[in-house]
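Please open the model in your viewer and keep the selection panel at hand. The tour goes from one selection to the next and says what is to be found at each stop.

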Amino acid sequence: MEHSYIISKVKKIFHSLFGEHNEFNEDTSSSDVHGWDSLKHVVFISKIEEEFGFRFSLDEMQETTTIGDICRIIDSKTTL
Amino acid sequence: MEHSEKHKISRTEKNLFLFYHDISTLSGISCGKYEGLNYVMNTAGVWPSFILGQTGSDVTNLPAVSGLIKKGVLPSFWIRNATNDEKFERTALSYGIRKINEWQGMYLERDYQYDMQPPDGNLVFSEIITNNELDSWLKLIGTELITGKKAHPWLFHKLLASKKFRFFCAKKAGKIVSTLLTYSSDKITGIYMVSTRKDLRGKSIGTWITKSAMDILISEGNNIFVLHSTHKGLTVYRKIGFTQVCLFGIYWMLEQV
């Protein structure tokens, strides 16, 4: 799966959850975004799972704190 | 004499439940039971409502429990003392209930003090006595531990007035830089809300405040301690002497908050 495709899908989910006003790039982390708390993180991950059709493990869910982390996991799960 | 593993587990679980139960009761919210599961309904800010416990028929109960969560009768969080319960996890997921975290249940019996020296000569350990001090304590909690949620001062003032809850802090240049809360019930003390200001982390302040608070409690005759740690805190608590006795899974039905 193309990295740019992954980024565009994640961006869409990110903006629908946290608002268009929030800057989006691979360095954006939970501490930069108002409202990206531990529960919203679970919702964010769940929506990504629905979009890409796989599940994050508990460790993966807890270790991801930036957009880049999330995209790397999607990359690894969708590249065979 | 050390208590059996079963006792340690039940004490670790009981303190956690009573902690939340008493907070809910003090905040004027009722608690209840459903098919052997206790639950607390807490609308007072920082702590979520949740179901605590497990029964042999958890998996069988899942359709009913998930239905009641959807209707708002039961809370959407569920804390279960269950290690690697794959069957439950799989079935729960099919009802939209997902494991979102794990806490290690930790236990320690100790009857002599640590007498640890402060890691920095400018640090002062003290117990919070007034509501004004507690408000400063809460400010640190609000920035370092529960960011994104609002702590309700009125509830914490009530906790301070209750003998079961005790608040401790470390101060540097007169400012609170580390926090800790203890909850004692049935001669078992739980350690909660340990936090340290970001710029001072990694300097053993958390270890020192925990040992210092435990020293006070030990001097008063309390010698059973429990806590519930995320993976990040495990090393610190093991060094203090705690051992892992169980694992709590934290489950959440998404879209119900």
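## A tour by selection

Begin by selecting β5(B) and β10(B), which pair in the antiparallel sense over 6 bridges; two strands are said to pair if DSSP finds at least two bridges between them, and helices (H or I, at least four residues) and strands (E, at least two) are DSSP runs, numbered from the N terminus. Within this pair, B:L108 has B:F225 of β10(B) as its bridge partner.

Before going further, note that this is a predicted model, in which local features need pLDDT of at least 70 and side-chain atom pairs count only at pLDDT 80 or more, while totals for chains, interfaces and linings use all residues. Residues are numbered from 1 along each chain as its sequence is written, and chains are lettered from A and ligands numbered from 1 in the order in which they are written.

**The sheet of chain B**

Next, select the strands of the sheet in chain B, where 11 strands form an open sheet of mixed pairing in the order β1-β2-β3-β4-β11-β5-β10-β9-β8-β7-β6. Which strands stand at the edges? They are β1 (31–34) and β6 (123–127) of chain B, each with a single partner strand, so one side of each is left without a neighbour in the sheet. From one strand to the next the twist averages 25°, where angles run from 0 to 180 degrees between N-to-C directions and axes are lines fitted to C-alpha atoms, for helices over the stretch in contact.

Keep β5(B) (residues 97–109) selected and add β11(B) (residues 243–253): these strands run antiparallel and are joined by 10 bridges. To find one of them, look at B:Q104, whose bridge partner in β11(B) is B:L247.

Now return to β10(B) (residues 224–229) and add β9(B), to which β10(B) is joined by 4 bridges, the two strands running parallel. Here B:F225 of β10(B) is the bridge partner of B:T189.

From β9(B) (residues 188–196), move to β8(B) (residues 175–185), which runs antiparallel to β9(B) and is joined to it by 7 bridges. At the turn of this hairpin, B:S185 stands opposite B:I188 in β9(B), and there are 2 residues between the strands, with B:D186 taking a positive phi near 50°.

To reach one edge of the sheet, select β6(B) and β7(B) (residues 165–172), an antiparallel pair joined by 5 bridges. In this pair, B:E127 has B:F168 of β7(B) as its bridge partner.

**Helices of chain B**

Which helix lies across β6, β7, β8, β9 and β10 of chain B? Select α6(B), which runs at about 40° to β8(B). With β9(B) and β10(B), α6(B) (residues 205–219) makes a right-handed β-α-β unit; a crossover is right-handed if, with the strands pointing away from the viewer, the path from the first strand over the helix to the second runs clockwise.

Then select α4(B) (residues 131–144) and α5(B) (residues 153–161), which pack at an angle of about 125°, with their axes 10 Å apart. That makes α4(B) oblique to α5(B) (angles under 35 degrees count as roughly parallel, over 145 as roughly antiparallel, 65 to 115 as roughly perpendicular and the rest as oblique). Show the side chains of B:N131, B:L134, B:D135 and B:L138 in α4(B), which meet B:P153, B:F156, B:H157 and B:L160 in α5(B); residues are in contact if their C-beta atoms, placed from the backbone, lie within 7 Å.

For another helix pair, select α2(B) (residues 58–71) and α3(B) (residues 86–94), whose axes lie 10 Å apart at an angle of about 20°. That makes α2(B) roughly parallel to α3(B). The contact is made by B:D58, B:V59 and B:L62 of α2(B) with B:K87, B:F88, B:T91 and B:A92 of α3(B).

**Chain A and its contact with chain B**

Finally, turn to chain A and select α1(A) (residues 3–18) and α2(A), whose axes come within 10 Å and cross at roughly 140°. That makes α1(A) oblique to α2(A). In α1(A), A:K9, A:V10, A:I13 and A:L17 meet A:K40, A:V43, A:F44, A:K47, A:I48 and A:E51 in α2(A).

Leave α2(A) selected and show both chains: 7 residues of chain A are in contact with 8 residues of chain B. On the side of chain A that touches chain B, the largest share, 4 residues, comes from α2(A) (residues 38–52).

Notes
Two residues are in contact if their C-beta atoms, placed from the backbone, lie within 7 Å.
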